[in-house]
Every structure is written in structure tokens, then in C-alpha cells.
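Good morning, everyone, and thank you for making room for me today. I would like to walk through one structure slowly, beginning with its sheets and ending with its charged side chains.

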Amino acid sequence: KNGLGGSFKLLDDKGEKILSIKDGRIRIFDQSGQEVVAIQSDQQGRGNISLKNGGYLDTYNDGENKTAIIGENSYGDGMFSTYNSNAKQTSLLSSIEGGYGKFTVFDNQGRESLHLLQSLTTFNQEGKITGKYGTNKSN
């Protein structure tokens, strides 16, 4: 195109497309040829990363420990989770089975200490419920 454009395709050793760059969009494909990642800008010039087929995004600290994950949980719903510098889970915000939302906080060892799901529930270090607020029940 007059030296102002073009495309790029990367194929695996079987000739299957695994990456393409065209029209300002980078696409990554899985072994069956399905697009699983797309990186592009929208009409307003904002960046966009799309993860498909159960995709997720992990971040890591300098010690190579996971610090956050955003993506799909085991029910096929959205989730966001954070981890401390020792790779212990500290929070989880997700949809759960039945379509409800749940917010969970963990202690510094990754043990559940509080969750919010239609009521606020607190736990001690042994995992025993210490309170249920919003239900008029203590256990």
C-alpha cells in the first residue's frame, strides 16, 4: 500500500496462523485457529486488550510472585483477585454460581477473614464464622 501499510502473519511449523498484525490490530490464535487475544485501539484512540475463551491476565512482582489476576473464574464468570508480596491471596471480587456477586478478604496467610454475599460474614483464623451481619444471626 504505497509503503504505508501491510500485514504480518506468523505461522507455526504446521502452517497454522498463530499471530497476525494488520490494520493496527494484533491478534493471537490458539492451536485450533481461534482468536484468543486481540490488542488494538478503539475509534477514540483508547487502547483495548480482549482476552477470549476463558482468558485472564496475571501480574507479577520482582520476586516473580503473582500480585493480581483478572479474568474468568471456574464458573465462567468475571473475577479480580489480588495477592500480597508472598503470593498469598488478599482479596477476591467475583461473580459466583447463581449470578450473585461476592467480595472476599483474606488475611496475610491467604485465609478467608470476611466475605460479603447478601450479608457480611466474618471468620477467625481457624475459619470459624464469628459474625453474620445483616441476617440477625450470629453463626
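Let me begin with an open sheet of 5 strands, which has the order β1-β2-β3-β4-β5 and antiparallel pairing. β1 (7-11) and β5 (47-51) stand at its edges, and each has a single partner strand, so one side of each is left without a neighbour in the sheet. From one strand to the next, the twist averages 10°. Before I go on, please keep in mind that this is a predicted model, in which local features need pLDDT of at least 70 and side-chain atom pairs count only at pLDDT 80 or more, while totals for chains, interfaces and linings use all residues. Residues are numbered from 1 along each chain as its sequence is written, and side-chain values use heavy atoms, with hydrogens and water left out.

A few terms need care here. Strands are DSSP runs of E with at least two residues, numbered from the N terminus, and two of them pair if DSSP finds at least two bridges between them. The twist rests on axes, which are lines fitted to C-alpha atoms, with angles running from 0 to 180 degrees between N-to-C directions.

Within this sheet, strand β2 (residues 17-22) and strand β3 (residues 25-29) run antiparallel and are joined by 4 bridges, and Ser20 stands opposite Arg27 in β3.

Turning to the other sheet on my list, we find 8 strands in the order β6-β7-β8-β9-β10-β11-β12-β13, again open and with antiparallel pairing. Its edge strands are β6 (56-60) and β13 (129-133), each of which pairs on one side only.

Now for the charges. Side chains of opposite charge can pair when their charged atoms come close. A salt bridge here is a side-chain nitrogen of Lys or Arg within 4 Å of a carboxyl oxygen of Asp or Glu, and a search of the whole structure finds 6 of them.

How far apart are the closest N and O atoms of Arg25 and Glu35? They are 3.1 Å apart, and the two residues form a salt bridge that links strand β3 to strand β4 (residues 35-41), with the two positions 10 residues apart in numbering. Arg25 counts as partly exposed at 26% relative accessibility, whereas Glu35 counts as buried at 13%; buried means under 20% relative accessible area, exposed over 50%, and partly exposed in between (1.4 Å probe, protein chains only). Arg25, Arg27, Glu35 and Lys52 are linked in a network of salt bridges.
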